[in-house]
Amino acid sequence: MKNIIVLALFLFVLHSADAQVLRQEKFNLFRKNTGYGKLNAKPEKKADDGLTVPLVLSWPLNPMLVVEDGKPYFAVSKEISLLFPTFIYFDDKPLIAALGGEYSYVARNGRNSHIRGYFDLLYVLETSDFAALLLGAGGGYFTDTKKSGLFPQVSFSVIMPVAESIGFQGYLRARNTFMFKKEDRNVFDLSGGLGLTFFLGW
């Protein structure tokens, strides 16, 4: 039943994102009437433009510290996310929604794979023509194929566009996963690095 609820939430968010047509004439993360600065520098066409996505996808895995049952483990992770505008306001500023997925490999004997899907709301602290600083809070679903749970998370990130509708997202993130079964140990993790972000509906 819990998996069905998580899936329904995921489909609802995905439908909301899909309802916004992908129109990106420039890096305009924020609507003109919001008072934000804009990521409005459209990159000039260059001979190596076709290399941007492969370079981003081949970026090294990001480091992570995982604490489970009081024991620390080193891990590496890779993530991808979609950013899209919302109609939710905080302090007279619209929040940005992020829908993402992440795979992590934990260096230990057994249960090495952590898989997560998450939804965040991001608050823009500062913007310039080429970057935006954001604070995020949200949560998601976790599984290591043997146990599963839900987690809240907080993050600080910097978004830097690298091609039309694509950007790097440098981030620091902390979260605690609460398992569905009481006998399973909760998992805390702290991570940082660089992820791949697609902008939708700007």
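Two aromatic pairs turn up in a search of the whole structure, which is a predicted model. Phe 90 and Tyr 123 make an edge-to-face pair. Their ring centres are 5.5 Å apart, with 85° between the planes. Phe 90 belongs to strand E2 (residues 71-90) and Tyr 123 to strand E4, so this pair ties together parts 33 residues apart in sequence. The two partners are not alike in burial. Phe 90 is exposed at 52% relative accessibility, and the cut-off for that class is over 50%. Tyr 123 is buried, at 16%.

The other pair joins Tyr 141 and Phe 180. Its planes stand at 35° and its centres 6.4 Å apart, so the pair is tilted. Tyr 141 sits in strand E5 (residues 132-143), while Phe 180 sits in the loop between E7 and strand E8 (187-199), so parts 39 residues apart in sequence are tied together. Phe 180 is partly exposed, with 25% relative accessibility.

Rings also meet charges. The table lists two arginines placed over ring faces.

| Charged residue | Ring | Distance to ring centre |
|---|---|---|
| Arg 116 | Phe 151 | 5.9 Å |
| Arg 173 | Tyr 118 | 5.2 Å |

Arg 173 and Tyr 118 lead on to the cavity, since both are among the residues of its lining.

How many cavities of 30 Å³ or more does a search of the whole structure find? It finds one. The volume of the largest cavity is about 50 Å³. Its lining consists of Ala 98, Tyr 118, Asp 120, Leu 122, Ser 155, Ser 157, Gln 169, Tyr 171 and Arg 173. By class, four of these are nonpolar, three polar and two charged. Three strands each supply at least two lining residues: E4 (113-127), E6 (148-163) and E7 (166-179).

Ala 98 deserves its own look. This lining residue lies in strand E3 (residues 93-106). Is Ala 98 buried or exposed? Ala 98 is buried, because its relative accessible area is 4% and the class requires under 20%. Beyond its neighbours within four places in sequence, Ala 98 contacts Leu 82, Leu 83, Tyr 118, Phe 119, Asp 120 and Leu 122. Among these partners, Tyr 118, Asp 120 and Leu 122 also line the cavity. Tyr 118 thus appears in several roles: it touches Ala 98, lines the cavity and has Arg 173 over its ring face. Along the chain, Ala 98 and Phe 198 are 100 residues apart, yet 9.6 Å separates their C-alpha atoms.

Note on methods. Residues are numbered from 1 along each chain as its sequence is written. This is a predicted model: local features need pLDDT of at least 70, side-chain atom pairs count only at pLDDT 80 or more; totals for chains, interfaces and linings use all residues. Side-chain values use heavy atoms; hydrogens and water are left out. Helices (H or I, at least four residues) and strands (E, at least two) are DSSP runs, numbered from the N terminus. Buried means under 20% relative accessible area, exposed over 50%, partly exposed in between (1.4 Å probe, protein chains only). Contact means heavy atoms within 4.5 Å. On a 1 Å grid over the protein atoms alone, a cavity is a set of points where a 1.4 Å probe fits but cannot get out, and a pocket is an open set with protein on both sides within 12 Å along at least five of seven lines; lining residues have an atom within 4 Å of a point. Grid points are joined across faces, edges and corners, and a volume is the space filled by probe spheres set on the points. Ala, Val, Leu, Ile, Met, Phe, Trp, Tyr, Cys and Pro count as nonpolar, Asp, Glu, Lys and Arg as charged, and the others, Gly among them, as polar. Rings of Phe, Tyr and Trp (its six-membered ring) pair if their centres lie within 6.5 Å; planes under 30 degrees apart count as stacked, over 60 as edge-to-face and the rest as tilted. A charge sits over a ring if NZ of Lys or CZ of Arg is within 6 Å of the ring centre and within 35 degrees of the ring normal.
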